[in-house]
Structure formats: C-alpha cells, structure tokens
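This report describes a single protein chain. It proceeds from surface and overall fold to salt bridges, backbone features and a nonpolar patch.

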Amino acid sequence: VVISDLSARGLNTARLIRELISNKGVLNSPELLLVINRVNARDKAEKAAQQVGIPLAAVIPEDPLISERDASSLPLYEMPPDAPSMAVVTQFAKKLFGG
C-alpha cells in the first residue's frame, strides 16, 4: 500500500516506489494499491492514480478533526468512528484484511 496526497512530491514519490518495485524486482509479483488522503474530490484522486500507474484503493477525505487532534497531541487512533476519514480507513482495512 502506497499512501500519498495530491502534492507533486507525494505523487512523484508514489511513482518512484512503483518503478523501484517493478523494475528492480523487489517483489516477485507486486500488487500495489494507492491510498490518497486529504482529498475533497474523488475524480482528482482517480486521475492522479492513473498518472502514477497504481490502482486506487481508497480516498481519505480532508478531515479537520485530524488537524485538531494533531495540534492537541491527541492520538488519531482514538478518533470517533463516524469521522469521515475514519469511516474510509475502517472500510479499507476491512477490505484489505477481511472482517
């Protein structure tokens, strides 16, 4: 799982990770998935995933609660399950690991 935001730096890094894994034989049969976070428009995430060449697995929406908790040094794993970002992360984790 490669995680990025929509920044040029993040997407370039995701592309480099894909290239290294594919070209250098790091994994025998790479099954990469891309998760893009801090996104307000899914279509932008889908376009970015196509450009990077990694299938889009999840889009985590911009969530002000994350910034608030980070500024207060509160752990993100204790966020309310109904927070928009947590709902996506929970759904993705269930899909990835079963359950």
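## Surface and overall fold

The chain exposes about 6,700 Å², of which carbon and sulfur atoms supply 54%. The model is predicted. Of the 99 residues in the chain, 29% count as buried. Taken along the principal axes, the C-alpha atoms fill a box of roughly 40 × 30 × 25 Å.

The secondary structure comes to 4 helices and 3 strands, arranged along the sequence in the pattern β-α-β-α-β-α-α. Among contacts with a separation of 6 or more, 45% are between residues 24 or more positions apart.

## Salt bridge between D5 and R38

The structure holds 3 salt bridges. One of them joins D5 and R38, with the closest N and O atoms 2.3 Å apart. D5 lies in the loop between β1 (2–4) and α1 (8–23), whereas R38 belongs to strand β2 (residues 34–39), so the pair ties together parts that are 33 residues apart in sequence.

The two partners differ in their burial class. D5 has 16% relative accessibility and counts as buried, because the cut-off for that class is under 20%. R38, at 52% relative accessibility, counts as exposed.

## Salt bridges of R18 and R42

A salt bridge also links the side chains of E19 and R18, with an N to O distance of 3.9 Å. This value falls inside the limit for a salt bridge, because that limit is within 4 Å. Both partners are partly exposed: E19 has a relative accessible area of 30%, and R18 has one of 23%.

The side chains of E46 and R42 meet in a salt bridge as well, at 3.0 Å from N to O. Both residues lie in helix α2 (residues 42–52), 4 residues apart, which is about one turn of the helix. An α-helix has 3.6 residues a turn, so residues three or four places apart point the same way. E46 is partly exposed, with a relative accessible area of 38%, and R42 is likewise partly exposed at 43% relative accessibility.

## Positive phi values and the ends of helix α3

Most residues other than glycine have a negative phi. R38, the partner of D5 in a salt bridge, has a phi near 60°, a positive value in a residue other than glycine. This residue is found in strand β2.

S73 also has a positive phi of about 60° although it is not a glycine. The residue comes just after α3, in the loop between α3 and α4 (84–97). S73 is exposed, with a relative accessible area of 67%. At the N-terminal end of helix α3 (residues 64–71), D63 acts as a cap: a side-chain oxygen of D63 lies 3.0 Å from the backbone nitrogen of L65.

## Nonpolar surface patch

Which residues form a nonpolar patch on the surface? The patch consists of V1, I3, L96 and F97, which together have about 440 Å² of accessible area. V1 lies in the segment before β1 and counts as exposed at 52% relative accessibility.

Definitions and conventions. Residues numbered from 1 in each chain as written. Predicted model: local features only at pLDDT ≥ 70, side-chain atom pairs only at ≥ 80, totals over all residues. Heavy atoms only, no water. Helix = DSSP H or I, 4+ residues; strand = E, 2+ residues; numbered from the N terminus. Buried < 20%, exposed > 50% of the residue type's maximum accessible area, 1.4 Å probe, protein only. Polar contact = N/O pair within 3.5 Å; in protein donor to acceptor, adjacent residues only side chain to side chain. Patch = residues over 30% accessible without salt bridge, like charges linked within 9 Å, V, L, I, M, F, W, Y side chains within 5 Å. Areas by Shrake-Rupley, 256 points an atom, 1.4 Å probe, with all protein chains shown as cover. Contact = heavy atoms within 4.5 Å.
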